[in-house]
Amino acid sequence: MLGTGCPAYADETTGGGQTTTQPDTGSGQPDTGSDQPGADSGAESGSGSIGAHIRINQSTPASRGSTASATSSDVNWKPPVCWYEPMYTPEEYEKFIKTAYAGAGKPAADYAKKRDEQDYHKGDKGLWWQVQFRDLTYDEACPVTPDNWEIWVPPADPQPDPNKLTPEILSELAFNSTKLPAPPVELQPRADRLLVNLGTRVAFKGDLDRVWTTASINYKGVQLAATTVATPVALKVDAGTADADPQSCTYDLVKGKDGYTADSGAGAGCNVTYLRSSGSGTYPFKTSITWKVTWTDSADPDGPPQQPGLPDGLSTFEQDVTVKEAQAVNRASGISHG
């Protein structure tokens with residue numbers, strides 16, 4: 001396992017601050033139990049856990065509609081795969097190594113021997129930090145080297161490891177856990193009653209507001225937090241076919257009395273006219289909202305924005321629409337009344 005980028009021993013976390021380490025079962029994956037929280041565990045209910053001691057808390061979206069995980073406008077952006085979290089005092093670490101690695105063969109036995117020769121930093125001020133994973137699928141490589149699944153971190157850390165947990169890493173984990181409301185739009189006529197050359201009005205039934213998500217840790221004296229704030233800034237409508245006028249339209253969202261709504265100066269709506277029927281099929285009508293995402297290095301969503309910035313977030317809603325020829329509809333109507 002040490003040669004594959006996966007840990008020889010991986011944490012089993014329950015989200016309650018208790019951590020044990022289980023040896024590899026020989027199946028190719030560590031024995032992690034059935035109660036391991038996933039990357040977005042609990043985020044839908046407004047709270048959850050990531051890693052061993054990171055807590056996720058999200059504001060309740062103002063919209064009464066459905067929500068879904070935010071996607072990044074930057075297709076190349078990815079959340080952290082792994083990071084170091086504070087886990088053990090020297091005495092706790094000694095017990096952990098001697099218990100978890102008892103009877104282990106190479107190379108795990110060599111790893112345990114190395115820590116024993118360091119005397120686990122007993123008598124020194126600081127903590128052992130342990131690698132934690134966003135999820136346990138191991139689909140992506142973790143940049144942490146297999147011979148350092150734990151690192152010693154003194155109170156004054158002269159050269160912090162790049163994978164040591166920071167507010168910036170917490171902000172990325174918070175962004176990845178964010179749930180955003182789907183665009184609240186309504187089609188008139190309904191999606192199954194659209195006609196060629198008859199305007200379809202897309203009404204924005206806005207009751208959107210900003211959404212914030214906090215990722216924080218408070219364990220063994222280490223207190224860190226970051227809060228991402230997603231603010232809706234634009235609404236885009238796509239008819240799903242080039243045979244429509246317009247094929248797409250975009251409106252700025254502005255802050256109103258009861259939340260963000262389409263800029264009335266730009267028309268506050270979108271009239272789409274389909275020029276050709278969908279035949280025996282449908283068109284994929286899609287609406288999406290762009291969210292400007294900033295982050296603070298605290299649990300306060302109104303704190304000063306920090307750098308580096310995060311990509312914009314997107315929430316989308318897609319539905320199939322049926323477009324018929326008006327003449328065919330009239331003919332069908334005549335038959336049904338004949």
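Exposed, in this report, means over 50% relative accessible area, and buried means under 20%. The model described here is predicted.

**Two helices**

Helix α1 covers residues 90-100, and its buried residues are Pro90, Tyr93, Glu94, Phe96, Ile97 and Ala100. Viewed along the axis of α1, these buried residues fall within an arc of 165 degrees, so they line one face of the helix. Lys95 and Thr99 lie on the other side of α1 and are exposed.

Helix α2 spans residues 108-117, with Ala108, Tyr111, Ala112 and Arg115 buried. Down the axis of α2, the buried residues keep within an arc of 95 degrees, so they too line one face of their helix. Lys113 and Glu117 are exposed on the other side of α2. Such patterns have a simple background: an α-helix has 3.6 residues a turn, so residues three or four places apart point the same way. Just after α2, Asp119 takes a positive phi of about 55 degrees.

**A three-stranded sheet**

Strands β7, β8 and β9 form an open sheet in the order β7-β8-β9, and the pairing is antiparallel. β7 and β9 are at the edges with a single partner strand each, so one side of each has no neighbour in the sheet. On average, neighbouring strands of this sheet are turned by 40 degrees against each other, direction ignored.

Strand β7 consists of residues 82-88 and pairs with β8 over six bridges. Within this pairing, Trp83 has Gln132 of β8 as its bridge partner. Strand β9, residues 150-153, is joined to β8 by four bridges. Trp128 stands opposite Trp152, a residue of β9. Strand β8 itself, residues 127-133, is mostly covered, with seven of its seven residues buried.

**Two buried polar residues**

Ser49 is in strand β3, which covers residues 47-50. Its relative accessibility is 7%, and Ser49 therefore counts as buried because the cut-off is under 20%. Gln58 belongs to strand β4, residues 54-58. With a relative accessibility of 9%, Gln58 also counts as buried because this value is under 20%.

The side chains of both residues take part in polar contacts, listed here.

| Side chain | Partner | Distance |
|---|---|---|
| Ser49 | Arg55, side chain | 2.3 Å |
| Gln58 | Lys179, backbone oxygen | 2.7 Å |
| Gln58 | Thr213, side chain | 3.2 Å |

Ser49 thus has a side-chain partner in Arg55. For Gln58, one contact goes to the backbone oxygen of Lys179, and another goes to the side chain of Thr213.

**The nonpolar core**

How many residues does the largest nonpolar core have, and which have the most contacts inside it? This core has 77 residues, and Tyr274 and Val321 are those with the most contacts inside it. Strand β20, residues 283-296, gives the most to this core, contributing six residues. As a general background, nonpolar side chains tend to be buried together in soluble globular proteins.

Definitions and conventions:
Residues numbered from 1 in each chain as written. Predicted model: local features only at pLDDT ≥ 70, side-chain atom pairs only at ≥ 80, totals over all residues. Heavy atoms only, no water. Buried < 20%, exposed > 50% of the residue type's maximum accessible area, 1.4 Å probe, protein only. Polar contact = N/O pair within 3.5 Å; in protein donor to acceptor, adjacent residues only side chain to side chain. Pairing = 2+ DSSP bridges. Core = buried A, V, L, I, M, F, W, Y, C linked by side-chain atoms within 4.5 Å. Axes fitted to C-alpha atoms, helices over the stretch in contact; angles between N-to-C directions. Arc of directions from axis to C-beta.
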